[in-house]
Amino acid sequence: RQALITRLTFADELHGIALGHEGWILRTEDGGLNWQETHFDESNGEPLMAARRLPSGDWLAVGAFGQVLRSSDDGKSWQPETIPNLTDWHLNDIASSADGRQWLIVGESGTALRSSDGGNTWEAVAPFYKGSLYGAASLGDGHWVAYGMRGNVFSSADGGATWEAATVPAPGSIYGHA
């Protein structure tokens, strides 16, 4: 394929998903030694940006223009997922709490969606930022941070229901965390 890979995500040491442009999804069961294509959409051409395995065992993948795909067979096949009140903004990341109950999807134009049931259902969070969010991290006990464009960082102490801006001394965009 002539599509770019955007992200690799592993659920454990053996099972992983590679995401790319044109809705390209590859899966591995042997730690990345071999990959099988499980999804490709030449007609749509939109990139996928993040994927995670949910506590149910389902995989969820998100990407450009509000694209959401779910796999209920460990990534072997994918179906479109409908999330109520979702716009067509790009979705950039999926994050979870350590216990796997709370989940957050963040994206373009301050898009934030949260789940408190292991990713089975999702609700839109009231807008708290107009720029792009590139990632999020759970800090435990319902505390979250979300980060993105121009060094903007936000924190939540109530499971992602409400957010406050944090002060970051550098205006550079933040794309990842450790």
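This section describes the strands, salt bridges and nonpolar cores of a predicted model.

An open sheet of 4 strands runs in the order S1-S2-S3-S4, with antiparallel pairing. Strand S1 (5-10) and strand S4 (36-39) stand at the edges. Each has a single partner strand, so one side of each is left without a neighbour in the sheet. Direction ignored, neighbouring strands of this sheet are turned by 25° against each other on average.

The pairing can be followed strand by strand. S1 and S2 are joined in the antiparallel sense over 5 bridges. Within this pair, Ile 5 stands opposite Gly 20 in S2. The two strands form a hairpin, with 5 residues between S1 and S2. S2 also pairs with S3, again in the antiparallel sense, over 4 bridges. Here the bridge partner of Gly 16 is Thr 28 in S3. S2 and S3 form a hairpin too, with 4 residues between them. In that turn, Glu 22 has a positive phi of about 60°. Strand S3 (residues 25-28) and S4 pair in the antiparallel sense over 3 bridges. Ile 25 has His 39 in S4 as its bridge partner.

Strand S2 (residues 16-20) is mostly covered, with 5 of its 5 residues buried. Both of its faces are covered. Gly 16, Ala 18 and Gly 20 lie on one side, and Ile 17 and Leu 19 lie on the other.

Asp 30 is placed in the loop between S3 and S4. Its relative accessible area is 24%, so Asp 30 is partly exposed, above the 20% limit for buried residues. The side chain of Asp 30 makes a polar contact with the side chain of Asn 34, at 2.6 Å. Asp 30 and Glu 123 are 93 residues apart in sequence. In space, their C-alpha atoms are 35 Å apart.

Salt bridges form a second theme. The structure holds 9 of them. Two involve Arg 70, among the pairs described here. The side chain of Arg 70 meets that of Asp 58 in a salt bridge, at 3.1 Å from N to O. This pair links distant parts of the chain, 12 residues apart. Arg 70 lies in strand S7, whereas Asp 58 lies in the loop between strand S5 (48-53) and S6. Both Arg 70 and Asp 58 are buried.

The side chain of Arg 70 also meets that of Glu 81 in a salt bridge, at 3.1 Å from N to O. The pair again links distant parts of the chain, 11 residues apart. Glu 81 sits in the loop between strand S8 (79-80) and strand S9 (91-96). Arg 70 counts as buried because its relative accessibility is 9%, under the 20% limit. Glu 81 is partly exposed, with a relative accessible area of 22%.

Arg 114 forms a salt bridge with Glu 123, and the closest N and O atoms are 2.9 Å apart. Glu 123 is partly exposed, at a relative accessible area of 39%. Salt bridges that share partners also join Arg 27, Glu 29, Arg 53 and Asp 74 into one network.

Nonpolar packing was examined next. The largest nonpolar core has 13 residues. Of these, Phe 128, Leu 133, Ala 136 and Trp 163 touch the most other members. Strand S10 (103-107), strand S13 (133-140) and strand S14 (143-148) each supply at least two residues of this core. Apart from it lies another core, of 12 residues. Ala 50, Val 62, Val 68 and Leu 113 are among its residues.

Contacts of Trp 163 were listed without residues up to four places away in sequence. Trp 163 touches Leu 104, Val 125, Phe 128, Trp 144, Val 145, Ala 146, Phe 154, Ser 155 and Ser 156.

Gln 67 provides a further local view. Gln 67 lies in the loop between strand S6 (59-63) and strand S7 (68-71). At a relative accessible area of 12%, Gln 67 falls under the 20% limit and is therefore buried. Not counting residues up to four places away in sequence, Gln 67 touches Asn 44, Glu 46, Pro 47, Leu 48, Ala 61, Val 62 and Leu 91. Among these contacts, Val 62 belongs to the core of 12 residues.

Note on methods:
Residues are numbered from 1 along each chain as its sequence is written. This is a predicted model: local features need pLDDT of at least 70, side-chain atom pairs count only at pLDDT 80 or more; totals for chains, interfaces and linings use all residues. Side-chain values use heavy atoms; hydrogens and water are left out. Buried means under 20% relative accessible area, exposed over 50%, partly exposed in between (1.4 Å probe, protein chains only). Contact means heavy atoms within 4.5 Å. A salt bridge is a side-chain nitrogen of Lys or Arg within 4 Å of a carboxyl oxygen of Asp or Glu. A nonpolar core is a set of buried Ala, Val, Leu, Ile, Met, Phe, Trp, Tyr and Cys residues joined through side-chain atoms within 4.5 Å. Two strands pair if DSSP finds at least two bridges between them. Axes are lines fitted to C-alpha atoms, for helices over the stretch in contact, and angles run from 0 to 180 degrees between N-to-C directions. A polar contact is a pair of N or O atoms within 3.5 Å; within protein, one must be able to donate a hydrogen and the other to accept it, and residues adjacent in sequence count only if both atoms are side-chain atoms.
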